[in-house]
Amino acid sequence: EKMLDHFVESMGLYPVGSLVRLSTSELAFVLMLAPKSHPDRPIVAVVENASGEVLTHHSLLDLMLEPDIRVDEVVDHYEHYKKSEDQAYQIFQSIHVGK
């Protein structure tokens, strides 16, 4: 049990690069780990809206500051992005946060 606690502490509940579905039905990539006190509240960049449309400008969400939004599930990016093996990587690399 201690070993698992140390692993989660070092890697985070949602490691950087994880694709997650939010309670808003949007898809987001984890950009920063959450604080140790709240491992379920990472900073994420929304890459698909609730309709499944890939976004070109990404909203940055600090889930510590958004109490009504949570991670509902981890999404297998290989399964979700079936068009090509590296599509998830390309989307992650293209994350642009700003106006």
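In the predicted model, strand S1 (residues 19-22) is joined to strand S5 (residues 71-75) by antiparallel pairing over 4 bridges. Within this pairing, Arg21 lies opposite Glu73 of S5. On its other partner, strand S2 (residues 27-32), S1 pairs over 3 bridges, again in the antiparallel sense. Here Val20 is the residue that faces Ala28 of S2. S1 and S2 together make a hairpin, with 4 residues lying between the two strands.

The turn of this hairpin contains Ser25, whose phi is positive, at about 75 degrees. Ser25 belongs to the loop between S1 and S2. With a relative accessible area of 36%, Ser25 falls between the limits of 20% and 50% and is therefore partly exposed. The C-alpha atom of Ser25 is separated by 8.1 Å from that of Ser51, a residue 26 positions away along the chain.

A further antiparallel pairing connects strand S3 (residues 43-48) with S4, over 3 bridges. Val44 is placed opposite Leu61, which lies in S4. The strands are assembled into an open sheet of 5 strands, arranged in the order S4-S3-S2-S1-S5 with antiparallel pairing. S4 (60-62) and S5 form the edges of this sheet, as each of them pairs on one side only. On average, neighbouring strands of the sheet are turned by 40 degrees against each other, direction ignored. In general, the strands of a sheet are paired through backbone hydrogen bonds, in either a parallel or an antiparallel manner. It is also a general feature of a regular strand that side chains alternate between the two faces of the sheet.

Attention now turns to contacts between charged side chains. Side chains of opposite charge can pair when their charged atoms come close. A search of the whole structure yields 3 salt bridges. One of them is formed by Glu73 and Arg21, with the closest N and O atoms 3.3 Å apart. This salt bridge links distant parts of the chain, since Glu73 lies in strand S5 and Arg21 in strand S1, 52 residues apart. The two residues also stand opposite each other in the pairing of S1 with S5. Glu73 has a relative accessibility of 40% and so counts as partly exposed. Arg21, at 25% relative accessibility, is likewise classed as partly exposed.

Another salt bridge is found between the side chains of Arg70 and Asp72, with an N to O distance of 3.1 Å. Arg70 counts as partly exposed because its relative accessibility is 45%. Asp72 is also partly exposed, its relative accessible area being 43%. The side chains of Lys82 and Glu79 meet in a salt bridge as well, at 3.0 Å from N to O. In this pair, Lys82 has a relative accessible area of 63%, which lies over the limit of 50% and therefore makes the residue exposed. Its partner Glu79, by contrast, is partly exposed at 48% relative accessibility.

Aromatic contacts were examined in the same model. The structure contains 1 aromatic pair. The pair consists of Phe29 and Phe92, whose ring centres are 5.3 Å apart; the ring planes stand at 70 degrees, which is over the limit of 60 degrees, and the arrangement is therefore edge-to-face. Distant parts of the chain are linked by this contact, with Phe29 in strand S2 and Phe92 in helix H3 (residues 87-93), 63 residues apart. Phe29 has a relative accessibility of 2%, under the limit of 20%, and so counts as buried. Phe92, with 24% relative accessibility, is partly exposed.

A nonpolar patch is also present on the surface. This patch covers about 310 Å² and is made by Leu4, Phe7 and Met11. Met11 is located in helix H1 (residues 2-11). At a relative accessible area of 39%, Met11 is partly exposed.

Definitions and conventions: Residues numbered from 1 in each chain as written. Predicted model: local features only at pLDDT ≥ 70, side-chain atom pairs only at ≥ 80, totals over all residues. Heavy atoms only, no water. Pairing = 2+ DSSP bridges. Axes fitted to C-alpha atoms, helices over the stretch in contact; angles between N-to-C directions. Phe/Tyr/Trp six-rings, centres within 6.5 Å; stacked < 30°, edge-to-face > 60°. Buried < 20%, exposed > 50% of the residue type's maximum accessible area, 1.4 Å probe, protein only. Patch = residues over 30% accessible without salt bridge, like charges linked within 9 Å, V, L, I, M, F, W, Y side chains within 5 Å. Areas by Shrake-Rupley, 256 points an atom, 1.4 Å probe, with all protein chains shown as cover. Salt bridge = Lys/Arg side-chain N within 4 Å of Asp/Glu carboxyl O.
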